[in-house]
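Visitor: I would like to learn how to read the features of a model like this one, step by step. Could we begin with a sheet and then go on to helices and chains?

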Amino acid sequence: MGLSFDDLAGEAAVLGVYRQVFAVLARESGAMVLDASSVDVDEAILGSFAEAGPEGLTVDQVVIACARFSGVQVRRRFEVLRDYRAVERVKDRPHELYHRAAFAPYVMLLFLRRIADRGGQAELHQLLTLEHLSVQESDATVEDARGTTHRLSTVFRLLANQLAGLAVGGVVETLRENAQLLWGNHGLLDQANDVHQTVLSRWSMLDRECRALRLAIAAYRDAVDAAAGRLIEQAGATRALGLLPVEAWRTFAREADVGALSDVLNEFLFDAPAPWFAADTLIEAVESAQHTTPVRITPPRPQTEPGSVTEDAVPDAEAERLRALAEQLLGERTQVSVTELIDEIGDWLGGRRLLADLTAMHLHDTLPYELRWSDRLRITLEPSLNWVTEGRFARVAQ
Amino acid sequence: MNDVDQAIAWARARAAGPQRVPPSTPSGVGMRRLVETEAGATWLLPMLPEGAGPTVLEELGLSATAVEQPNDTARVLAACLRCCWSEPNGSPWPGVVASWEQVTSVFRGITDNRDERYSNIALVAGVRRLAGAGWLRWSEATREVQLGPRVALWRDPELSTLRELWRLIPSIDIAPNLTAGPDLAIGPDLAANPDLAAEPDLDTEPDLAANSELGTTGGSDE
């Protein structure tokens, strides 16, 4: 049975909180929580102790009770749990085999799962309510109030720091994943202000602590504003901040195994990828077709303006070349036979180039030459150019 | 329909889009049945929840499936919609069959200043593309065009926009026996030849939509 995507996300969230909370302890004991299954192993170990009753269990019994997991894994987690005293020997003596579990770590675990599921917002509300009640109690002392103020300042400082860091420098995806920190902040701020008000009016000597709390609350409010602003700016058109980011889906699709992928596909029916034509697209396309005028290429500008003298025309390198060539071909004569010129050249490539030049001279509107073809065709057998249309190339009066 | 059949039907739809099946085929969960006019076949169209349509892509800044010649293809679809959506007060599905000449004329009406040859190339290419994507049904043999199952994906707000489009595009009615061919000119010819065989069709159209704003459409074409 595969894990659905929600399960994976849930595990990741649990792991995130777990890691934060136990990082310090775990680092010291050399056993970081590196995968979500170790949280499950912990839960299973504590569960087996709950089943076992007051006599406790040996390590081997625990391994057997947690047969779902590999023995090595269970033993390793057992060591970790013992290191931070979640599991203790029944009697503190050497070679004592029986252990029992403290209830606090399990409560902590439940609490962690709950925080991971709901984002810790509800717990924070409860904490605020409790603190408010405690400072309202008639027998509350200055020290209680000082403690309360100090704790709340710390909570809001931490919240604000985390959010501000994300809002300023974080990747927007991370910010979106942590958007739950933003939710319900009005309620939190109001409650915190109530506590602050109560403390300040009852114990005016706690002015300094209250100031710290005020600053912490204000910092949290600023961080919330900054983060919300960043999210809204990044979101663009969509307001669906609760949607999983696109990257998360891509990563999942790339990394999930067949089972996990097919579990997702069991739940979703979607259409095959196909071009989509929104109504607006159709309207735009039709309207743009009706309003376009055919593109016209501007005609080439004449090289001489009508009525202006030839000298005004832009000097034309091609015309100069043709003029020089024409003068060379004509020499002193006013006209020359094309056949004669072709015969001088004698080969096909040169003849072709010559014909092209002659035609260009004829067509050029500033050059005083003309090319006239006759109807006669000279056919000879010997040279390579044996079919030559007769014609004459002449200088004309301007 | 058991789980396996359902899974297969879903897999087909996810891979290849709307499926044309015999009318007796049961439809799985989440599928919409679209019956063809002659009831000879049924299309199974995957229905997406409201707000999960292709518009989400735009919101997320992702590119949709690319279309070649997107504008011309959209114009071809608009032309076919004009020809096949017989009663714009209702749903475009199933619509009526449009002859190739009708579609050609309307398409040329939309893109009136274009060379005929290029216009035909664009039209054929567009129709093939749209038929491949399930927006049109096209029979190459009979050269008849019908709207495809995907038109049923347009929701009400979009349909009202499309009705505007329907009114925007001048209507061409060509009776099947008319031999004028694809190069039939649009408005002026119809106005110049009141005896044209298409004339009765022009008259019936406003009657279909009597007492509605569509009544003005038929008149404005002339």
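**Reading strands, helices and an interface**

Guide: Let us start from a single pair of residues in this predicted model: Met31(B) has Pro46(B) as its bridge partner in β3(B).

Visitor: Which residue of β3(B) is the bridge partner of Arg32(B)?

Guide: Arg32(B) is paired with Leu45(B). Taken as a whole, strand β2 (residues 31-35) and strand β3 (residues 42-46) of chain B run antiparallel and are joined by five bridges.

Visitor: How many residues lie between β2(B) and β3(B) in the hairpin?

Guide: There are six residues between the two strands of this hairpin, and in the turn Ala39(B) has a positive phi of about 60°.

Visitor: In what order do the strands of the open sheet in chain B follow one another?

Guide: The order is β1-β3-β2, an open sheet of three strands with antiparallel pairing. Because β1 (19-21) and β2 of chain B each have a single partner strand, they stand at the edges, and one side of each is left without a neighbour in the sheet. On average, and with direction ignored, neighbouring strands of this sheet are turned by 30° against each other.

Visitor: How should I describe two helices that pack together?

Guide: In general, one gives the angle between the two axes together with the distance between them. Here, the axes of α3(B) and helix α4 (residues 100-110) of chain B come within 9 Å and cross at roughly 125°, and the two helices are therefore oblique to each other. The crossing of α3(B) and α4(B) is right-handed. Among the residues that make the contact are Val76(B), Ala79(B) and Cys83(B) of α3(B), with Val103(B), Phe107(B) and Ile110(B) of α4(B). By class, this contact of α3(B) with α4(B) has nine nonpolar, one polar and two charged residues.

Visitor: And how is the meeting of two chains read?

Guide: The size of an interface is often expressed as the accessible area lost when the parts come together, but one can also count residues in contact. In this model, 37 residues of chain B are in contact with 27 residues of chain A. On the side of chain B that touches chain A, at least two residues are supplied by each of α1 (3-16), α2 (55-59), α3 (70-84) and α6 (156-168) of chain B. That side of chain B comprises 22 nonpolar, nine polar and six charged residues.

Methods. Residues are numbered from 1 along each chain as its sequence is written. Chains are lettered from A and ligands numbered from 1 in the order in which they are written. This is a predicted model: local features need pLDDT of at least 70, side-chain atom pairs count only at pLDDT 80 or more; totals for chains, interfaces and linings use all residues. Two strands pair if DSSP finds at least two bridges between them. Helices (H or I, at least four residues) and strands (E, at least two) are DSSP runs, numbered from the N terminus. Two residues are in contact if their C-beta atoms, placed from the backbone, lie within 7 Å. Ala, Val, Leu, Ile, Met, Phe, Trp, Tyr, Cys and Pro count as nonpolar, Asp, Glu, Lys and Arg as charged, and the others, Gly among them, as polar. Axes are lines fitted to C-alpha atoms, for helices over the stretch in contact, and angles run from 0 to 180 degrees between N-to-C directions. Angles under 35 degrees count as roughly parallel, over 145 as roughly antiparallel, 65 to 115 as roughly perpendicular and the rest as oblique. A crossing is left-handed if the near helix is turned anticlockwise from the far one by less than a right angle, and right-handed if clockwise.
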